[in-house]
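Colleague: I would like to learn how to read helix packing and unusual backbone angles in a model, one feature at a time. Could we begin with what counts as a contact?

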Amino acid sequence: MIRKSRFGQLLLKKEIIDQKTMEKALIILADEDPSSPRGLGEILVDDFKINHHAIYGLLAELYAFRSIDINVTDLDNNQVKHTKEILLKFPEEFKKELIYKKILPYQVTYGRRNTLIVLAADPTDKITERIPVYSEYKKYEVVYCKLETLEELIELIAPQKNEFLDLLQEAEEQIEEMDESKSEADVDEYALDEEINKSLLVSLFEGSLIEAVRKGASDIHIIPFRRSSVDFYFRIDGKLIHWHRQERTSPEAISAVVKDRAVGVDRFERDTAQDGFMQRVIDDHLIRFRVSIIPITSSEYERRFESIVIRTIDDRNVITNLRKLGFQTKAENDFLKSISKSKGIILVTGPTGSGKSTTLMAALYHIINPAINVLTVEDPVEYHIKGARQLKIGNRFTFDSAIRSILRHDPDVVMVGEIRDKITAEIAIKLANTGHLTFSTLHTNDAPSAISRMYKMGVETFLLAYAINIIIAQRLIRKLCSNCKKPISKERWPAALEMGITEEELTSGKIFEAGDGCKKCNGGYKGRTNICEALYFTPEIRKAIVESGEEIDEDEIRKIAEGQGMLSLMDSGLDRIRTGMTSVAEITYATSED
Ligand SMILES: [Zn+2]
């Protein structure tokens, strides 16, 4: 047993983490690279997604650091100017290092000896000891400040630079200058123009990758606008948001740049769909990108062009703590109960983009430990799971052959990317019946219809009834921005009433809709959560399935489950509205049949 530190004991005592998490974290801690080991706090935040403030607030308290709370929105201009002046007195490299570690030299308090107040999200970081070495400030005090607050402050006072976008601006200025001097044309001008244009597009493209990752975009869409412009969109919290329009650029030129820089793509192929891959180190993290290029013909553009979508795969966004998914209490308890069994199928259903793989990842992370063999079969492998063996389906390795070899590979837990036909359905059932915990997904709108779907694929009712532990149907919904949401307006009352919200609730002022948007959000929404229908297989549910005749009676199953406390997708949504988390419009959109 590895010895727990005083800090570790305090974390347990305050119930910030449980014993199990602590043990896992200590194993990782003992295994850290000795040249740059991470501390317990870092491991808990990075690998277990424990709230940063919960950990570091406590650490600050333990070591008696003063802590400060700053309202960044109302920050005084003089303060901003003051901090900027302080930052000027630091060498560029050291300043970068401080900012990267979310440490901000903030203000000077004047006294007998002037003291520099340094805000830090981790006040124990040893880098602060170098402040007197690298600056004129010989006396300093480190003060704890919440990470989110520091991020806002840094964004305001010393925003991160995107050097590619700086280059882009330079190149554009150069082109403008050249345009002005066009009359004194010389022979090389065209070639030069071409050269600058290419480097401009490279900067734009590379810059867009960095911005997308920093803004937390899941996808980048590159689409032509008219004949000689190209639009870049970012998908953030599920909605496409316009990021940039590049004028005077042919769509062909930008696709040439993208194709040049993606692995596995043929630059001269323009007639078929292509998939490529890229990776970049952005802000010290390896980020992977999946590039999809498809040829499109459209009368709107009067010609053919290529549509490009780039998926960002940032492992930092993987939720490894199941409780962080935000499921409602009964669903979460049933889910935990289902995955703590040694066998059975855990099925997550919903349309594309409903967060199915996020849920599966978190569930796998919840149960994974070195004593169990976890195998996954996916096409393609989306996220790398520490401690799992992951098989990628490819040309030579088909889904069926992969699954057959899985059975011989002695797994305890298996994740099959998707149940798509009778073969995969039967394999999932077989795995479950031979003592494996089996995770998979299915495309259906709700939980009871997943049973029908598998029945129609040809799986016997008694196999379905006894192999499955739980079916979770889910959707992602956007959360209202708590900074600018407002009580629901009168014209939206009828929709709310129809949904089941009472007149009393509407007049109470506790039902909200999106505001006009503010600095802290995207058009009135910020972040996402789920709504879900968690159909736990109780003896009564199993009995109803076995006793089905020609068809699975979905309504009967729903009735029994709701009688046992299951929330339907709509009821789950209503609960989100009543707690002020989201709007009527968002739930209507999420629960409409697709
Ligand atoms: Zn807002």
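Modeller: Two residues are in contact if their C-beta atoms, placed from the backbone, lie within 7 Å. The model here is a predicted one, and in it Phe 7, Leu 10 and Leu 11 of helix α1 meet Leu 58, Leu 59 and Leu 62 of helix α4. Sorted by class, this contact of α1 with α4 has 6 nonpolar residues, with no polar and no charged ones.

Colleague: At what angle do α1 and α4 pack, and how far apart are their axes?

Modeller: Helix α1, residues 6-13, and helix α4, residues 52-62, pack at about 125 degrees, and their axes lie 11 Å apart. Angles from 65 to 115 degrees count as roughly perpendicular and those over 145 as roughly antiparallel, and α1 and α4 are therefore oblique to each other. Their crossing is right-handed.

Colleague: Turning to the backbone, which residue in the loop between α3 and α4 should I look at?

Modeller: Look at Lys 49, which lies in that loop, after α3 (40-46), and which has a positive phi of about 50 degrees although it is not a glycine. With 17 other C-beta atoms within 10 Å, Lys 49 is partly exposed.

Colleague: And is Ala 64 buried or exposed?

Modeller: A residue counts as exposed if 12 or fewer other C-beta atoms lie within 10 Å of its own; Ala 64 has 7, so it is exposed. Ala 64 lies in the loop between α4 and α5 (77-88), and this residue, although not a glycine, has a positive phi of about 55 degrees.

Definitions and conventions. Residues are numbered from 1 along each chain as its sequence is written. This is a predicted model: local features need pLDDT of at least 70, side-chain atom pairs count only at pLDDT 80 or more; totals for chains, interfaces and linings use all residues. Axes are lines fitted to C-alpha atoms, for helices over the stretch in contact, and angles run from 0 to 180 degrees between N-to-C directions. Helices (H or I, at least four residues) and strands (E, at least two) are DSSP runs, numbered from the N terminus. Angles under 35 degrees count as roughly parallel, over 145 as roughly antiparallel, 65 to 115 as roughly perpendicular and the rest as oblique. A crossing is left-handed if the near helix is turned anticlockwise from the far one by less than a right angle, and right-handed if clockwise. Ala, Val, Leu, Ile, Met, Phe, Trp, Tyr, Cys and Pro count as nonpolar, Asp, Glu, Lys and Arg as charged, and the others, Gly among them, as polar. A residue is buried if 20 or more other C-beta atoms lie within 10 Å of its own, exposed if 12 or fewer, and partly exposed in between; C-beta atoms are placed from the backbone.
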